[in-house]
Amino acid sequence: MEPALPAGARVLELGCAGGGNLIPMAWYLPGASFLGIDKALAPLAAGRALAERLALSNLELRQADIASLEPEALGEFDYILIHGVWSWVPFPAQEQLLRICGACLAPQGIAYISYNTLPGAAPRGMVRDLLRYHTRTIRDPGVRLTAVRGLLERLASVWASDDAPLAQYLSREVAELRHAHPGYLFHEYLGEVSAPILFADFMQRASQHGLGYLADADLHTMFPSTLPESAMVLVDSLEGLIEQEQHMDFLRYRHSRKTLLCRADIPLSHELDLSRLREFAVSALLTPVQRVDLTRVVAEDFAAPDGVRFSVTHPLTKAALLCLAEAYPDAVAYPELEEAALQRAAGAREWDVAGLIEELFSLYAHRAIHLVTARETVYHGLSSHPRAHALARAQAGAYLGHLATVRHTVLDVDPLAGQLVQLMDGTRNLDELVAELVVYLAHHTARAVVKGGAAELPPDGQLLAGCKHLMELFARHGLLEEPEKN
Ligand SMILES: C[S@@+](CC[C@H](N)C(=O)[O-])C[C@H]1O[C@@H](n2cnc3c(N)ncnc32)[C@H](O)[C@@H]1O
């Protein structure tokens with residue numbers, strides 16, 4: 001396919017809630033246009049306030065019920081995003097979502113739909129049934145969530161000592177849910193509708209709206225080689241991508257999917273041409289877990305910021321990852337990256353760059369590295385009077401608890417870090433920022449003490465070091481602006 005370049009793309013998100021996904025994209029891509037639709041007014045209003053503060057003229061957050069939308073009136077889009085919505089709306093609304101994708105996708109457009117799949121989502125239904133039944137008479141959502149949390153605490157030990165496989169499953173599920181985000185718990189386990197579907201049935205329904213299967217957004221799941229040997233042989237013996245993927249869902253007991261759809265009339269070969277990776281630019285923040293050996297083909301682990309580890313064997317890949325971590329959040333054009341890796345792994349000139357491309361692709365398929373269509377240089381210095389960019393300050397001011405990075409990842413911030421971002425408007429140096437934080441902390445510490453807490457102010461040196469560390473973190477994620485030159 002030749003999908004539209006992001007910089008000028010037309011994007012529609014259905015069920016966009018407060019625009020948490022669209023607002024950062026609209027801010028970072030001023031040449032693209034975004035339409036978000038949701039029926040819930042409160043999150044939309046909060047999103048509109050944020051968009052207004054940022055003067056985003058390329059974003060509209062519209063209130064409407066999907067069921068009453070006229071697909072033809074919406075226009076044409078290069079990308080349609082439907083996340084956390086499809087499985088959780090009744091059948092007619094699901095059909096309407098597919099109808100909109102079929103009618104509104106540009107000829108080279110791509111739609112993304114996430115949904116719950118069989119067989120993996122079926123056993124989860126047992127816990128869902130229990131939580132919903134136990135709290136069925138409670139109307140207030142907050143009270144209901146509290147009751148669910150109470151039940152999960154009581155269930156924690158119920159199945160723990162039972163060796164039966166089902167009991168073990170339930171025990172693990174409950175253990176995970178005890179720490180789940182309240183929004184997820186409410187949506188997934190207490191919502192009216194949550195209908196898992198077989199992938200093949202989903203594709204059958206999508207095909208009735210003129211849509212075909214492009215790929216899975218979790219690309220690595222498409223490769224039978226990620227399965228145990230016997231399962232791989234079984235899958236390889238099957239004809240057709242849908243048939244193979246459906247069997248992989250059974251073999252992996254997969255519970256959810258993120259499917260990319262295109263128009264059914266697009267001819268697709270589903271053959272990988274790894275050499276096309278050369279056309280992209282790469283960014284990654286993976287740091288080595290041990291000392292890196294750039295002289296031998298030996299497996300070594302690199303860790304993502306969330307702690308997930310990826311094993312890399314080729315010296316050139318290791319060298320490339322070291323270069324990318326230093327350059328982050330810049331996206332380095334592949335030819336430049338290859339050259340830098342060859343130089344870094346001195347004496348490795350004889351290494352085969354095909355190995356580098358293969359490993360980089362595998363990392364991409366696992367979402368460990370990002371690809372963009374052209375090199376990007378992002379300011380990531382730290383000036384004497386640092387200034388966070390407008391999006392970061394607006395998001396911190398909205399007390400969302402997170403900021404969107406230049407790579408569209410989420411950076412969690414506690415209230416103190418959020419306060420620091422708001423203060424970083426280019427008028428204060430490090431000492432002045434710390435002084436302001438001391439005032440902020442003193443105020444909040446006093447409030448905590450009044451409420452019966454025992455909070456204490458951290459020593460000055462600790463605050464200074466913490467503040468510097470945070471500013472470096474913000475810089476690393478491209479949240480600071482270059483000071484204006486006089
Ligand atoms: C779980 S939220 C997902 C929000 C967002 N896409 C995300 O991933 O964070 C589901 C959203 O779909 C919206 N929604 C559900 N049914 C809808 C309908 N019939 N019309 C418009 N929006 C709907 C809800 O209001 C809610 O904001």
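This section describes the strand pairing, helix packing, ligand shell and selected backbone features of a predicted model.

The parallel pairings are considered first. Strand β2, residues 33-38, pairs with strand β3, residues 59-63, in the parallel sense over five bridges. Within this pairing, Ile-37 stands opposite Arg-62 of β3. The connection from β2 to β3 passes through helix α2, residues 41-53, and forms a right-handed β-α-β crossover. The loop between α2 and β3 contains Ala-55, a residue taken up again below.

Strand β4 spans residues 77-82 and is mostly covered, with six of its six residues buried. β4 has parallel partners in β1 and in β5. Strand β1, residues 10-14, runs parallel to β4 and is joined to it by three bridges; Val-11 has Tyr-79 in β4 as its bridge partner. Strand β5, residues 105-116, also runs parallel to β4, and five bridges join the two. In that pairing Ile-82 is matched with Ile-113 of β5. The chain passes from β4 to β5 by way of helix α4, residues 91-104, in a β-α-β crossover that is right-handed.

An open sheet of three strands shows antiparallel pairing, in the order β9-β10-β11. Its edge strands, β9 (287-288) and β11 (309-312), each pair on one side only. The antiparallel pairing of β9 with β10, residues 300-303, comprises two bridges, and Thr-287 stands opposite Ala-303 of β10. Helix α12, residues 315-327, lies across β9, β10 and β11 and runs at about 135° to β11.

Strands of a sheet, whether parallel or antiparallel, are paired through backbone hydrogen bonds. Two packed helices, by contrast, are described by an interaxial angle and the distance between the axes. For helices α9 (residues 199-207) and α11 (residues 241-252), the angle is about 140° and the axes are 8 Å apart. The contact involves Phe-199, Ala-200 and Met-203 on the α9 side, and Ile-242, Glu-245, Gln-246 and Asp-249 on the α11 side. By class, four of the residues in this contact are nonpolar, one is polar and two are charged.

The ligand is surrounded by 16 residues, of which Gly-15, Lys-39, Ala-40, Ile-66 and Gly-84 are the closest. The composition of this shell is eight nonpolar, five polar and three charged residues.

Two buried positions were examined individually. Leu-118 is located in the loop between β5 and α5 (121-134). Leu-118 counts as buried because 20 C-beta neighbours fall inside 10 Å. Beyond residues up to four places away in sequence, Leu-118 touches Pro-196, Ile-197 and Leu-198. Leu-118 is separated from Leu-50 by 68 residues in sequence and by 38 Å in space, C-alpha to C-alpha. The second position, Val-332, belongs to strand β12, residues 332-333. Val-332 is buried because 24 other C-beta atoms lie within 10 Å. When residues up to four places away in sequence are not counted, Val-332 touches Ala-281, Val-282, Leu-324, Ala-327, Leu-337 and Arg-375. Between Val-332 and Ser-311, the separation is 21 residues in sequence and 21 Å in space, C-alpha to C-alpha.

Backbone geometry is considered last. Most residues other than glycine have a negative phi, and most peptide bonds are trans. The bond from Leu-118 to Pro-119 is cis, with omega near 5°, and Pro-119 lies in the loop between β5 and α5. A cis peptide bond is also found from Tyr-328 to Pro-329, again with omega near 5°. Pro-329 is placed in the loop between α12 and β12.

A positive phi occurs at Ala-55, about 50°, although this residue is not a glycine. Ala-55 counts as exposed because it has 8 C-beta neighbours inside 10 Å. Arg-367, likewise not a glycine, has a positive phi of about 60°. The location of Arg-367 is the loop between α14 (353-365) and β13 (370-372). With 14 C-beta neighbours inside 10 Å, Arg-367 is therefore classed as partly exposed.

Technical notes
Residues are numbered from 1 along each chain as its sequence is written. This is a predicted model: local features need pLDDT of at least 70, side-chain atom pairs count only at pLDDT 80 or more; totals for chains, interfaces and linings use all residues. A residue is near a molecule or strand if its C-beta atom, placed from the backbone, lies within 6 Å of it. Ala, Val, Leu, Ile, Met, Phe, Trp, Tyr, Cys and Pro count as nonpolar, Asp, Glu, Lys and Arg as charged, and the others, Gly among them, as polar. Axes are lines fitted to C-alpha atoms, for helices over the stretch in contact, and angles run from 0 to 180 degrees between N-to-C directions. Helices (H or I, at least four residues) and strands (E, at least two) are DSSP runs, numbered from the N terminus. Two residues are in contact if their C-beta atoms, placed from the backbone, lie within 7 Å. Two strands pair if DSSP finds at least two bridges between them. A residue is buried if 20 or more other C-beta atoms lie within 10 Å of its own, exposed if 12 or fewer, and partly exposed in between; C-beta atoms are placed from the backbone. A crossover is right-handed if, with the strands pointing away from the viewer, the path from the first strand over the helix to the second runs clockwise.
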